Amino acid sequence: MAFPNDDENYPAVGSFPREFGYSSGGEYDVNGAGTLVSEEKPRILLMGLQGSGKSSIQKVVFHKMSPNETLFLENTTKIVKDDVSNSSFVQFQIWDFPGQIDFLDPSFDSETIFGGCGALIFVIDAQDEYSVALDKLLVTLSKAYAVNSNIRFEVFIHKVDGLSEDNKIETQGEIHQKTNQDLMHSKLDNINVCFYLTSIYDHSIFEAFSKVVQKLIPQLPTLENLLNIFISNSGIDKAFLFDVVSKIYIATDSSAVDMQSYELCCDMIDVVIDVSCIYGCKDETENGAFDEQSSSIIKLNNNTVLYLREVNKFLALVCIMREDSFEKQGIIDYNFHVFRQAIQEVFNIHRKTLESSEEEKSPGGINMRSSLTNDAIRKSSNIV
């Protein structure tokens, strides 16, 4: 995994290390959509009107661009594909579509675009008149659903940082109601659409993307189960399993997610990455400054402790607990090692299923996968 050689396309921002970036799959002509077929990875499509903020979202979340720098981005004129494959769980492709695409154009290959799509994110500018965007949304949903009924449809009501809290709720309600009415009139009311209020100037865009990515992870129930077992036996209040590059959390325990807690965990990851890259031991062959031995403890003035442990090179477990619970750090560390072994077992399952995709199609392959997943959960029973 490395940044592309073209530094102008994806500049490094601040002290974020270049080796912790995502690779780029390149650009493709809209009319050449037939050449976009690639390896079988879940695809997330970013669609919306021109100027809605699609490219800014992509750059901020997956290329660590500063939100202020996105003001200088040019309009997207081609389909831009990013290959996100940093860990065994976060493996998908982001396709950023220019806003001027006409789905009714005969040259538009709907089968190729929507056939292998896992999720479709339609971005709406909340600060602009969105009636045209809602018309485009309806056309997009109907075209995509006709090709692939398994697509997860998500709507990002974007740029809400310029709205008051009351306007945010009002705008979300209007868009939600109008969309459902349009779908009902088009006899597409069986399409399920999720709505998120987002902005690149806070953590809302990362949380929204986390929810989208989690829907594409088949191991999510297993991961949540492992986290529930871990926190219940360790005196931990909340735990997130983060992809440290994008700050997307791929799993959390079953308790409700508090936005403030999530922001604290994101900030902790930033601190650990920066400090590790400055003071860590740099290996010539590996990114030794940030590895599975990395850990961090931050004690807040409200008797709360943030505890970070590396699961592997790209996954980190961030826990929130009371200070008195952290007095039993030995038990927490032991339980973490058991938890990490169980996570590794899930990784092995995922790798085996990728290597034997043909076997998965048979009942034997599916049963083998289920058995291995259950075995990973059984291993977590060693948690004290």
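**Strand β11 and its surroundings**

Gln293 is located in the loop that runs between α7 (259–279) and β10 (295–299). The structure discussed here is a predicted model. With a relative accessible area of 60%, Gln293 is exposed. Its C-alpha atom lies 7.7 Å from that of Arg309, and the two residues are separated by 16 positions in sequence. Arg309 belongs to strand β11, which spans residues 304–310. In contrast to the exposed Gln293, Arg309 has a relative accessible area of 12% and is buried, because the limit for that class is under 20%.

The side chain of Arg309 takes part in polar contacts with two residues. One such contact, of 3.1 Å, is made with the side chain of Tyr307. Another, also given as 3.1 Å, links the side chains of Arg309 and Asp333. When neighbours within four places in sequence are set aside, the residues in contact with Arg309 are Ser294, Ser295, Ala316, Leu317, Asp333, Phe336 and His337. Asp333 thus appears both in this contact list and as a polar partner of the Arg309 side chain.

The burial of Arg309 is shared by the rest of the strand: seven of the seven residues of β11 are buried, and the strand is mostly covered. This holds for both faces of β11. On one side the buried residues are Thr304, Leu306, Leu308 and Glu310, and on the other they are Val305, Tyr307 and Arg309. Tyr307 and Arg309, whose side chains are joined by a polar contact, therefore lie on one and the same listed side of β11, both buried at under 20% relative accessible area.

Strand β11 pairs with β10 and with β12. The pairing of β10 with β11 is antiparallel and comprises five bridges. Within this pair, Lys299 has Val305 of β11 as its bridge partner. The two strands form a hairpin, with four residues between β10 and β11. Asn303 is situated in the loop between these strands. Although Asn303 is not a glycine, its phi is positive, at about 65°.

The pairing of β11 with β12 (residues 315–322) is likewise antiparallel, and seven bridges join the two strands. Thr304 has Arg322 of β12 as its bridge partner, while Glu310 is paired with Ala316 of β12. Ala316 is also one of the residues in contact with Arg309. The connection from β11 to β12 is a hairpin through four residues.

Strand β12 is largely enclosed by the rest of the structure, since seven of its eight residues are buried. Besides its bridges to β11, β12 is joined by six bridges to strand β8 (residues 238–243), and β8 and β12 run antiparallel. In this pairing, Lys238 stands opposite Ile320 of β12.

A helix pair was also examined. Helix α1 (residues 54–63) packs against helix α5 (residues 204–214) at an angle of about 85°, and the axes are 11 Å apart. The two helices are therefore roughly perpendicular to each other. Residues Ile57, Val60, Val61 and Phe62 of α1 meet Ile205, Phe206 and Phe209 of α5. Classified by residue type, this contact between α1 and α5 contains seven nonpolar residues, no polar residues and no charged residues.

Two further loops contain residues of note. Lys187 is placed in the loop between α4 (165–185) and β7 (193–197). Its phi is positive, at about 60°, although Lys187 is not a glycine. Lys187 is exposed, with a relative accessible area of 73%. Ser149 occupies a position in the loop between α3 (131–147) and β6 (152–158). The relative accessibility of Ser149 is 45%, so Ser149 counts as partly exposed. Ser149 and Ile191 are 42 residues apart along the chain, and their C-alpha atoms are separated by 8.3 Å.

Note on methods: Residues are numbered from 1 along each chain as its sequence is written. This is a predicted model: local features need pLDDT of at least 70, side-chain atom pairs count only at pLDDT 80 or more; totals for chains, interfaces and linings use all residues. Side-chain values use heavy atoms; hydrogens and water are left out. Buried means under 20% relative accessible area, exposed over 50%, partly exposed in between (1.4 Å probe, protein chains only). A polar contact is a pair of N or O atoms within 3.5 Å; within protein, one must be able to donate a hydrogen and the other to accept it, and residues adjacent in sequence count only if both atoms are side-chain atoms. Contact means heavy atoms within 4.5 Å. Two strands pair if DSSP finds at least two bridges between them. Axes are lines fitted to C-alpha atoms, for helices over the stretch in contact, and angles run from 0 to 180 degrees between N-to-C directions. Angles under 35 degrees count as roughly parallel, over 145 as roughly antiparallel, 65 to 115 as roughly perpendicular and the rest as oblique. Ala, Val, Leu, Ile, Met, Phe, Trp, Tyr, Cys and Pro count as nonpolar, Asp, Glu, Lys and Arg as charged, and the others, Gly among them, as polar.
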